[in-house]
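Biologist: I'd like a close look at one part of this model, namely chain A: how it is divided up, and how its helices pack. Could you walk me through it and then set the other chain beside it?

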Amino acid sequence: MLGYLDHAATTPMRPAAVEAMLPWLGERFGNPSGGHRVAQAARKAIDDARDVVADCLGCAPREVVFTSGGTEGDNLAIFGARNPVCGATEHHAVLHAVERERGRIVPVHPDGRIRAEAIPGDAGLVSVILANNEVGTVNALPAVPDGAVLHTDAVQAVTWLDVADAARAADLVTVTGHKIGGPQGTGALVVRGRAALTPLVVGGGQEQERRSGTHDVAGIVGFAAALRACTDTRDETVERVRKLRDRLADGLLASIPGVTESGTRDTKVAGICSLLIEDIESEALLFLLDEAGICATAASSCASGALEPSHVLAAMGVPRDLAKGSLRLSLGWCSTDADVDLALDVIPAAVARLRERS
Amino acid sequence: MKVLCAMSGGVDSSVAAAMLRDEGHDVTGVTLKLWGGPSDAGCCSVADVDDARRVAQQLDLHHVVFSFADEFARGVVEPYVRAHAEGRTPNPCIECNRTIKFDVLLRRAEQLGFDAIATGHHARSVDGGLWRGADRDKDQSYVLHMLDAARLRRVLLPVGALTKDEVRARAAALGLRTSSKPDSQEVCFLPGGGRDRAAMVTSTPGVVVEDGVTVGAVPAVELVTIGQRRGLGLRGGADPRYVLDVDVPARTVTIGPLDALLTDVVRVEDATWVDGVAPTGEVLAQCSAHGRVTPARYESGVVTFAEPVRKVAPGQSVVLYDGDRVLGGGVAA
């Protein structure tokens, strides 16, 4: 039995994405930047994909820059920006980019959300995560100072929210393929109107000089197909998964003493169940869960694979001792009742065992 | 048995894991992340975790990383800094074994349902007893002396039966990427050696005194060790001079000739004994990781050597043996 509850890390490919990619991993090929018919066929594939992405994200096709994923999108949005500012609960792809640009990282409300009054008046770019990757909290995008550019990292939001609407105020929107059932290494940055970009990669001038390098045709096609499928089925997915998540969270809250949810559930996306479990260490719990077939995580991982204390929970004011017992269970487009059943069976027993033997 | 094998990314623990697997144990590899920061050197660097993980993959073992950074800071680094501040000479590897590998990790392993933990130390753990490793030059029983019988029954040291050459030959035969990796030398949290240590420990300039006369100066009294000969700012010419005493509050290092350094007695503190019972009478004593073994007598906290030895720096461990069997030991007062 396998209960995969780490969809916020990555989620299985949607059949539509696989189907769209397969020809480009086989008989079809071509460099979209070329002039001949083989190249032009590849060009049509990415132009069609761009139309799909634009439609799903509520922007013009020319406003879509294909990237290698969320980190690149966040970096591309922020590098070169004047006075970038972000909240302390952002993803590291934003935090480290803001730090490198000598920008400012401002405190957030204990619910994990940034408040407009926390944003300094001289900010040149404000970056606000649309749905937090660790606790799932959804931000209402704040008003930004006159002349400032608003960027949102919507990587975790796309499965659950209509980003075309939720991020309509943003000048820059980062999305990625692999969180929505597309291939890893794909994504896009939406660039509206006045936002000026400093390219991270220069060369052949693809993507209107904003992102050079030969297009990953299979990846782009797969990403667009996943986004189409995600968008078209979103309402039913959200409704179905929210029920699963609520059953999971309520079940664990009822069966494990000393457990609380981090953040409040009605401010979260439908797929995230984020818990703080007293008197256990996440590392030990995750080991037992993995043994029992439950794939989950605590917060975020460093390159060595060791768990680092969560900067998000710290920014929300969760004491370090309690944050050591954090558990993120994240559901996705293909989560089932069986996943939840297994988790409800395994997790309370594992917690009890750790507490008994500590 | 279900065994959790600590894999540092070095050759010894790689072979330990392979041997246990080949003996039919259900082995999980664990690499400990002990020291924070972006360091890519030392014992818990990303590169070493990579090596450990790749070896585990090759051996088809499950591999996990546990972070004990808080425990390591509290149990190893802070006492290390404190000991230097008091002019003592700490052995952080022993404290890591005492407080991390054979305490926090052992308890974690029990919590997770493992029957035993294993490491790549060169020593032998047999029926609750601890013996020197087969390779005398690589023997590490000294740094494991704090283990008691109850712990030893849950600790496997498979490479203790091999020489280092045999370990490397086995690693090569298995095609392990760690087979020719050099032995680690530095203190893991001080990859830059003395430079890192100087940055971590408060430095108080002091005077070097012989027979009440100031003869030299040192930049950091805290980093001077008893028995030390170099770095004392002395003019050359005279017979060798050795540090006899370090007095941090008085900012004074006292030196003298070799015969003044010799002693036949050392008092040990915080002693632990493998069998839980302090020995009395004839023993063998070892006072540094690869130091000489000297016949001695032990009576209630005092080791009396059969022949004069160089004074043992306070903070160093004194380990007592009966032949090749570890009796236990403590810290030189």
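Modeller: Sure. Keep in mind that this is a predicted model, and let's start with the whole of chain A. It has 11 helices and 12 strands. Along its principal axes, the C-alpha trace of chain A covers about 70 × 50 × 35 Å. For a compact globule of 358 residues you'd expect a radius of gyration near 21 Å, and chain A comes out at 21 Å, so the two agree.

Now the way chain A is split. Domain 1 takes in 3-10 + 234-356, and domain 2 is 15-232. So domain 1 is written as two stretches of sequence, because the assignment lists it as 3-10 + 234-356. The C-alpha centres of domain 1 and domain 2 of chain A are 27 Å apart. Where they meet, 25 residues of domain 1 of chain A are in contact with 26 residues of domain 2 of chain A. Looking at the domain 1 side of that meeting, α7, β10 (272-277) and α9 (311-315) of chain A each put in at least two residues. The largest share, 3 residues, comes from α9(A). By class, this side of domain 1 of chain A has 10 nonpolar, 12 polar and 3 charged residues.

One of those contributors, α7(A), is worth following further, since there's a helix pair to look at. Helix α7 (residues 234-255) of chain A packs with helix α11 (residues 337-356) of chain A at an angle of about 15°, and their axes are 10 Å apart. That angle makes α7(A) roughly parallel to α11(A), as angles under 35 degrees count that way. The crossing of α7(A) past α11(A) is right-handed. On the α7(A) side, the residues that meet α11(A) are A:Leu244, A:Arg247, A:Leu248, A:Gly251, A:Leu252 and A:Ser255. Facing them from α11(A) are A:Asp337, A:Val340, A:Ala343, A:Leu344, A:Ile347 and A:Pro348. Sort the residues of this contact by class and you get 8 nonpolar, 2 polar and 2 charged.

There's a second helix pair in chain A, made by α3 (residues 70-78) and α4 (residues 92-100). These pack at an angle of about 30°, with axes 9 Å apart, and α3(A) and α4(A) are therefore roughly parallel to each other. Their crossing is right-handed. From α3(A), the contact uses A:Gly70, A:Thr71, A:Asp74, A:Asn75 and A:Ile78, while α4(A) brings A:Ala93, A:Val94, A:Ala97 and A:Val98. That contact divides into 5 nonpolar, 3 polar and 1 charged.

As for the other chain, chain B has 8 helices and 17 strands, and its C-alpha trace spans about 65 × 50 × 35 Å along the principal axes. A compact globule of 333 residues would have a radius of gyration near 20 Å; chain B has 21 Å, which agrees. Chain B is divided into domain 1 (2-173), domain 2 (202-256) and domain 3 (261-332). The C-alpha centres of domain 1 and domain 3 of chain B are separated by 25 Å, and 18 residues of domain 1 of chain B are in contact with 17 residues of domain 3 of chain B. Strand β6 (residues 129-132) of chain B gives the most to the domain 1 side there, with 4 residues. That side of domain 1 of chain B has 10 nonpolar, 5 polar and 3 charged residues.

Key. Residues are numbered from 1 along each chain as its sequence is written. Chains are lettered from A and ligands numbered from 1 in the order in which they are written. This is a predicted model: local features need pLDDT of at least 70, side-chain atom pairs count only at pLDDT 80 or more; totals for chains, interfaces and linings use all residues. Two residues are in contact if their C-beta atoms, placed from the backbone, lie within 7 Å. Ala, Val, Leu, Ile, Met, Phe, Trp, Tyr, Cys and Pro count as nonpolar, Asp, Glu, Lys and Arg as charged, and the others, Gly among them, as polar. Axes are lines fitted to C-alpha atoms, for helices over the stretch in contact, and angles run from 0 to 180 degrees between N-to-C directions. Angles under 35 degrees count as roughly parallel, over 145 as roughly antiparallel, 65 to 115 as roughly perpendicular and the rest as oblique. A crossing is left-handed if the near helix is turned anticlockwise from the far one by less than a right angle, and right-handed if clockwise. The radius of gyration is taken over C-alpha atoms; the globule rule is 2.2 Å times the number of residues to the power 0.38.
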